[in-house]
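This briefing goes through one model, from its overall make-up to its helix packing and then to single residues in its loops. Please keep the sequence and the coordinates at hand while reading.

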Amino acid sequence: MSQAPKLESAAAPAVPAGDTPLPLQLARRAAEYLAGNGVDDARLESEWMLAALLGVSRLQLHLDEDVPLTEEQALRYRQMVERRAKREPLQYVIGHTQFRDLELRCDPRALNPRPESEVLVGIVLDWARAGGGGRPRGL
């Protein structure tokens, strides 16, 4: 069984003086590192973390692929990747999660909403909108 690549070579490449990393290059290296540490959707998650850090969509990452990161951004991204590689939930690392039509701030003080919770809330909302009599369908 091969070992996961070290963070220095995979997610946190040495950046020559005067050179700044390009976002998707760093995301690809981060994805390799995360995959080597057992993260299932490593490429997707590496891009989500980078997009969250930069405050842009994943699509915008690809559109602005030639806009380099600052050294501070690259350092913060490496820290995020390292946290995720240690299996910290992605929602805690990026600081938010989606729940239905809401974007919720998220950290270790609260549990992450599960997809089943969204289904349950949908059933209860439909039931309440219909007048709320009897037991909600689907439960």
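Over which residues does pLDDT stay under 50, and how many contacts beyond four places in sequence does the model have for them? The stretch is residues 1-18, and the model has 32 such contacts for these residues. The structure is a predicted model, and where pLDDT is low, the predicted coordinates should not be read in detail.

**Confidence**

- Taken over the protein chain, the mean pLDDT is 83, and 83% of the residues reach 70 or more.
- Among the elements of the chain, the lowest mean pLDDT, 45, belongs to helix α1 (residues 7-10), whereas the highest, 96, belongs to helix α3 (residues 42-54).

**Overall make-up**

- Seven helices and two strands are found in the protein chain, and along the sequence they follow the pattern α-α-α-α-α-α-β-β-α.
- The chain has 139 residues, of which 29% count as buried.
- Of the contacts in the chain with a separation of 6 or more, 45% are accounted for by residues that lie 24 or more positions apart.

**Packing of α2 with α5**

- Helix α2 (residues 23-36) packs with helix α5 (residues 71-85) at an angle of about 20°, and their axes are 10 Å apart.
- With angles under 35 degrees counting as roughly parallel, α2 and α5 are therefore roughly parallel to each other, and their crossing is right-handed.
- On the α2 side the contact involves Leu26, Ala27, Ala30, Tyr33 and Leu34, which meet Ala74, Tyr77, Val81, Glu82, Arg84 and Ala85 in α5.
- Sorted by class, this contact of α2 with α5 has nine nonpolar and two charged residues, and no polar ones.

**Packing of α3 with α5**

- The axes of α3 and α5 come within 10 Å and cross at roughly 140°, which makes α3 oblique to α5.
- The crossing of α3 and α5 is right-handed, and the contact brings together Glu45, Ser46, Met49, Leu50, Leu53 and Leu54 of α3 with Gln73, Arg76, Tyr77, Met80, Val81 and Arg84 of α5.
- The residues in this contact of α3 with α5 divide into seven nonpolar, two polar and three charged.
- Tyr77, Val81 and Arg84 of α5 appear in the contact with α2 and also in the contact with α3.

**Packing of α2 with α3**

- For α2 and α3, the axes come within 8 Å and cross at roughly 135°, so that α2 is oblique to α3.
- The crossing of α2 and α3 is right-handed, and the contact is formed by Pro23, Leu24, Ala27, Ala30, Ala31, Leu34 and Ala35 of α2 together with Ala42, Arg43, Ser46, Glu47, Met49 and Leu50 of α3.
- By class, the contact of α2 with α3 has 10 nonpolar residues, one polar residue and two charged residues.
- Ala27, Ala30 and Leu34 of α2 take part in this contact with α3 and also meet residues of α5, while Ser46, Met49 and Leu50 of α3 take part in the contact with α2 and also in the contact with α5.

**Loop residues with positive phi**

- Arg87, in the loop between α5 and α6 (90-94), has a positive phi of about 75° although it is not a glycine.
- The relative accessibility of Arg87 is 44%, so Arg87 counts as partly exposed.
- Arg100, in the loop between β1 (96-99) and β2, is likewise not a glycine and has a positive phi of about 55°.
- At a relative accessibility of 36%, Arg100 counts as partly exposed.

**Loop residues and their partners across the sequence**

- Asp66 lies in the loop between α4 (58-63) and α5, and with a relative accessible area of 58% it is exposed.
- Although Asp66 and Pro21 are 45 residues apart in sequence, their C-alpha atoms are 9.4 Å apart in space.
- Asn112 is placed in the loop between β2 (102-105) and α7 (115-129), and, leaving aside its neighbours within four places in sequence, Asn112 is in contact with Pro89, Gln91, Tyr92 and Cys106.
- For one of these partners, Pro89, which is 23 residues from Asn112 along the chain, the C-alpha separation from Asn112 is 8.6 Å.

How values were computed. Residues numbered from 1 in each chain as written. Predicted model: local features only at pLDDT ≥ 70, side-chain atom pairs only at ≥ 80, totals over all residues. Heavy atoms only, no water. Axes fitted to C-alpha atoms, helices over the stretch in contact; angles between N-to-C directions. Helix = DSSP H or I, 4+ residues; strand = E, 2+ residues; numbered from the N terminus. Parallel < 35°, antiparallel > 145°, perpendicular 65-115°, else oblique. Left-handed = near helix turned anticlockwise from the far one by under 90°. Contact = heavy atoms within 4.5 Å. Nonpolar A, V, L, I, M, F, W, Y, C, P; charged D, E, K, R; others polar. pLDDT = per-residue confidence, 0-100. Buried < 20%, exposed > 50% of the residue type's maximum accessible area, 1.4 Å probe, protein only.
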